[in-house]
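Me: I have a structure open and want a close look at one part. Please take me through the strands and how they pair.

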Amino acid sequence: YAIRADGRVNVTERIAYDFSDLERHGIYRDIPYVTVNSGGKRLAMDFSDVSVSNTSGTSYTFVRSTVGDDIRFKIGDADKTVTGKVPYVIGYTVSGALTYFPGHDEFYWNVSGNRWDIPIAKVTAKVTLPADVAREEYRLECFTGPTGSREENCAIKLTDARTAVIETTEPLGSREGLTIVVGFPKGIVAVLEPKEVVPSFETRLGKIVLILIGIGAFLWYVVAPVWVVWKWWTSGRDPKPAMGEANAWFSPPTTKKRRPLTPAETGTLVDERADNRDIYASIVD
């Protein structure tokens, strides 16, 4: 981890993965990128200049995605399998990884991550500052084990005035990792805060979308049912049936000149057909 004067950190991870006699396409590397500060705000780091290769510099195929609060690198070729010991070199630059306190600045980082389902034989981290720092001005800590563990099965040493090396002293089990804390005096690096994670509905566009959804819900669940009932009440109800005495009308309808229609004309107008009973009625008429 090369901490730069501009507040960014250049990271190079070297992972030696042993697949034994299994045939697999590759590995997943999950790195947490969202943190929560003391005020409850969610802060997101930014990853750039990502590269994945072997120790000879040959690039590997990888896909970057976001899974919850983790950046995931899916490393490997879907058309190829690997077996035995395979080296992976992952490089990236991260912004917002440093924490700034009133009296010092700090690099707090989970080196290996706690997402591995297999044991890890050894983890070593090397942190380099952009300027020399006196030994007594360093604040160095390390923790091992599952998330939240305070175990310290690790060793810390300063190799020179700007380099600290932290390594595990015992193997790590499944879902265990190494977390390091490197504190140093203020003024060595620039302040580069992580970006606050703002929920989508709290942005201007999100608020507009939320308002439109609210209007749509109001129209659909309140206005529409009222309108349907009103429409049915005013023009959709069936007419009331006839009440009381019903009078029969035995006279045929007439033309405009008051000529009564013949049975054949009347029957044809009623069903738009001239059938036998219209002829019979004409004979009687």
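Reply: Here is the strand pairing, with the whole chain as a frame.

This is a predicted model. The protein has three helices and 17 strands.

Start with the open sheet. Four strands build it, in the order β10-β11-β16-β13, and their pairing is antiparallel. Its edges are β10 (98–100) and β13 (139–145), and each of these pairs on one side only. From one strand to the next, the twist averages 20 degrees.

Now look inside that sheet. β11 covers residues 105–110, and β16 covers residues 177–184. These two strands run antiparallel and share six bridges. For a landmark, find Y108: V181 in β16 stands opposite. In a regular strand, side chains alternate between the two faces of the sheet.

Next, the hairpin. β14 and β15 form it, with two residues between them. β14 spans residues 154–160 and β15 spans residues 163–168. Their pairing is antiparallel, over six bridges. The landmark here is A155, which sits opposite E167 in β15.

Step back to the whole protein. A compact globule of 285 residues would have a radius of gyration near 19 Å, but this protein has 40 Å. Along the principal axes, the C-alpha atoms fill a box of roughly 125 × 50 × 30 Å. Buried residues account for 31% of the 285. The exposed area is about 19200 Å², with 56% of it from carbon and sulfur atoms. Take the contacts between residues at least 6 apart in sequence: 69% of them join residues at least 24 apart.

Notes: Residues are numbered from 1 along each chain as its sequence is written. This is a predicted model: local features need pLDDT of at least 70, side-chain atom pairs count only at pLDDT 80 or more; totals for chains, interfaces and linings use all residues. Side-chain values use heavy atoms; hydrogens and water are left out. Two strands pair if DSSP finds at least two bridges between them. Axes are lines fitted to C-alpha atoms, for helices over the stretch in contact, and angles run from 0 to 180 degrees between N-to-C directions. The radius of gyration is taken over C-alpha atoms; the globule rule is 2.2 Å times the number of residues to the power 0.38. Buried means under 20% relative accessible area, exposed over 50%, partly exposed in between (1.4 Å probe, protein chains only). Contact means heavy atoms within 4.5 Å. Accessible areas come from the Shrake-Rupley method with a 1.4 Å probe; for residues, only the protein chains shown count as cover.
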